[in-house]
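Please open the model in the viewer and keep the sequence panel visible. The tour below proceeds one selection at a time.

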Amino acid sequence: TYIRRGMTSTLKAKMIELLEQDRKREYLDLCRQNYAEAVLVSRELFPYYYKEAPKVMALSESLYDKASEMKERGDVEGEIRILETAIQGGVDLPICYERLAVLYSKQKNYKRAYEVCTKWFDSVFWKLPQTSTSSLRLLDRLEKLKEKVTL
């Protein structure tokens, strides 16, 4: 356990450094490559999230399920409305942000899609190793949308 503790403290220092320098992609890659240890470190760095997680997750899953029902029915406006509600309510599922950004992009509302991606990165959730793969996809989308928004 000594070696593991040493590795975790080194990882923690690197994670903090990357967060402070706003180097999102490197941070997310580091979390993906050191997943188990990164989860331990994130429990230390973001204790509030882990304490509140069960409540947030229940709300998130309920709203995501409703949005999925709308998708199955082909009710795009209903799906957008529910995803917007979820995001305003502080949902922690990156899929909600991804899906909403996709829907807005399909409507050529790139500014709103960009804002949705930005909102994900304004939350603590992107910093959690559990969301690193999805966060990397959202980061890619954000960068592509930035070009469309600034044109």
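A residue is called buried when its relative accessible area is under 20%, exposed when over 50%, and partly exposed in between. The structure on the screen is a predicted model.

**Stop 1: helix 5**

Select residues 76-88, which form helix 5. Its buried residues are Gly78, Glu79, Ile80, Ile82, Leu83, Glu84, Ala86 and Ile87. Which helices help to cover these buried residues of helix 5? The cover includes helix 4 (47-73), helix 6 and helix 7.

The length of helix 5 may be checked in the viewer. At 1.5 Å a residue, its 13 residues should span 18 Å, and the end C-alpha atoms are indeed 18 Å apart, so the two values agree. Move on past the end of the helix to Gly90, which follows helix 5 and has a positive phi, near 85°.

**Stop 2: helix 5 against helix 6**

Two packed helices are described by the angle between their axes and the distance between those axes. Keep helix 5 selected and add helix 6, residues 94-106. Helix 5 and helix 6 pack at about 140°, and their axes are 10 Å apart. The two helices are therefore oblique to each other, since roughly antiparallel would require an angle over 145 degrees. Their crossing is left-handed.

Now display the side chains at this contact. Helix 5 contributes Val76, Glu79, Ile80, Leu83, Glu84 and Ile87, which meet Cys96, Tyr97, Arg99, Leu100, Leu103 and Tyr104 of helix 6. By class, the residues of this contact are 9 nonpolar, no polar and 3 charged.

**Stop 3: helix 6 against helix 7**

Hide helix 5 and select helix 7, residues 110-122, beside helix 6. How far apart are the axes of helix 6 and helix 7? The distance is 7 Å, and the packing angle is about 170°. Helix 6 and helix 7 are therefore roughly antiparallel, and they cross in a left-handed sense. On the side of helix 6, the contact is made by Pro94, Tyr97, Leu100, Ala101, Tyr104 and Ser105. On the side of helix 7, it is made by Tyr110, Arg112, Ala113, Val116, Cys117, Lys119 and Trp120. These contact residues comprise 10 nonpolar, 1 polar and 2 charged.

**Stop 4: helix 6 against helix 8**

Select helix 8, residues 132-150, and return to helix 6. Helix 6 and helix 8 pack at about 25°, with 10 Å between their axes. That angle makes helix 6 roughly parallel to helix 8. This crossing is left-handed. The contact residues of helix 6 are Pro94, Tyr97, Glu98, Ala101, Val102 and Ser105, and those of helix 8 are Ser134, Arg137, Leu138, Arg141 and Leu145. Sorted by class, they are 6 nonpolar, 2 polar and 3 charged.

**Stop 5: Ser105**

Select Ser105, a residue of helix 6. Is Ser105 buried or exposed? Its relative accessibility is 17%, so Ser105 counts as buried. Leaving out residues up to four places away in sequence, Ser105 touches Tyr110, Ala113, Arg141 and Leu145. Ser105 belongs both to the contact of helix 6 with helix 7 and to the contact of helix 6 with helix 8.

**Stop 6: along helix 8**

Display the whole of helix 8. Its 19 residues reach 26 Å from the first C-alpha to the last, close to the 27 Å expected at 1.5 Å a residue. The buried residues of helix 8 are Ser132, Ser134, Ser135, Leu136, Leu138, Leu139, Leu142 and Leu145. What covers them includes helix 2 (24-33), helix 6 and helix 7.

Centre the view on Ser132, which lies in helix 8. With a relative accessible area of 2%, Ser132 is buried. Apart from its neighbours within four places in sequence, Ser132 is in contact with Leu28, Cys31 and Arg32. Draw a distance from the C-alpha atom of Ser132 to that of Leu63: these residues are 69 apart along the chain, and the separation is 22 Å.

**Stop 7: Ile16**

Finally, select Ile16 in helix 1, residues 2-20. Its relative accessible area is 28%, so Ile16 is partly exposed. A last distance runs between the C-alpha atoms of Ile16 and Gln107, which are 91 residues apart along the chain and separated by 38 Å.

Note on methods: Residues numbered from 1 in each chain as written. Predicted model: local features only at pLDDT ≥ 70, side-chain atom pairs only at ≥ 80, totals over all residues. Heavy atoms only, no water. Axes fitted to C-alpha atoms, helices over the stretch in contact; angles between N-to-C directions. Helix = DSSP H or I, 4+ residues; strand = E, 2+ residues; numbered from the N terminus. Parallel < 35°, antiparallel > 145°, perpendicular 65-115°, else oblique. Left-handed = near helix turned anticlockwise from the far one by under 90°. Contact = heavy atoms within 4.5 Å. Nonpolar A, V, L, I, M, F, W, Y, C, P; charged D, E, K, R; others polar. Expected span 1.5 Å × (residues − 1). Buried < 20%, exposed > 50% of the residue type's maximum accessible area, 1.4 Å probe, protein only.
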